[in-house]
Amino acid sequence: MNLSEIFAVNVKTRLIAVNLSKKDLAAKTAVSRNTINHLTSGKAKMIRFESIEEIAKALKCEPQQLFDEKTNWAIFKWANKYQGGVTHE
């Protein structure tokens, strides 16, 4: 799997975990819905660092987790709940 596909899978997984739609994600960030659709397709070739940070903040995770193929979101969800959540707000 390439980096774009890993990012797409992780964003889609986090959207489900935090109960957001792509439309909600666009509303919470300065990233257009069209760009979010493209990013979640796994075919994106470029993304701004600022966009990555905004998306991670909205998804309540760290930016590097969105690029990690081995991120265990089930453990992250448990740890996040146990520690009171990631404070990106």
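Just after helix H4 comes Lys60, a residue with a positive phi near 55 degrees. Keep in mind as you look that this is a predicted model. Lys60 is not a glycine, yet its phi is positive. You will find Lys60 in the loop between H4 and H5. Its relative accessibility is 38%, so Lys60 counts as partly exposed.

Stay in this loop for a moment and move along to Gln65. This residue, too, is found between helix H4 (49-58) and helix H5 (73-82). Is Gln65 buried or exposed? With a relative accessibility of 15%, it falls under the 20% cut-off, and therefore Gln65 counts as buried. Its side chain also has a partner: it reaches the backbone nitrogen of Glu62 at 2.8 Å.

Now step back into helix H4 itself. Which residues of H4 are buried? They are Ser51, Ile52, Ile55, Ala56 and Ala58. These residues cover an arc of only 165 degrees around the axis, and so they sit on the same side of H4. Turn the helix around in your viewer and look at the face directed away from that buried side: there you meet the exposed residues Phe49 and Glu53. What, then, covers the buried residues of H4? The cover includes H1, H2 and helix H3 (33-39).

Two of those covering helices lead us to another loop. Between helix H1 (3-17) and helix H2 (22-28) lies Asn19. Like Lys60, Asn19 is worth a look for its backbone: its phi is near 60 degrees, a positive value in a residue other than glycine. Asn19 has a relative accessibility of 68%, which is over the 50% cut-off, and it therefore counts as exposed.

Finally, a word on how far to trust what you see. The chain averages a pLDDT of 85, and 81% of the residues score at least 70. Where in the chain is confidence lowest, and where is it highest? The lowest is in H5, with a mean of 55, while the highest is in H2, at 96. Over residues 85-89 the pLDDT is below 50, and this stretch has ten contacts in the model beyond near neighbours in sequence. Where pLDDT is low, the predicted coordinates should not be read in detail.

Methods: Residues are numbered from 1 along each chain as its sequence is written. This is a predicted model: local features need pLDDT of at least 70, side-chain atom pairs count only at pLDDT 80 or more; totals for chains, interfaces and linings use all residues. Side-chain values use heavy atoms; hydrogens and water are left out. Helices (H or I, at least four residues) and strands (E, at least two) are DSSP runs, numbered from the N terminus. Buried means under 20% relative accessible area, exposed over 50%, partly exposed in between (1.4 Å probe, protein chains only). A polar contact is a pair of N or O atoms within 3.5 Å; within protein, one must be able to donate a hydrogen and the other to accept it, and residues adjacent in sequence count only if both atoms are side-chain atoms. pLDDT is the predictor's confidence in each residue, from 0 to 100. Contact means heavy atoms within 4.5 Å. The arc is that of the directions from the helix axis to the C-beta atoms.
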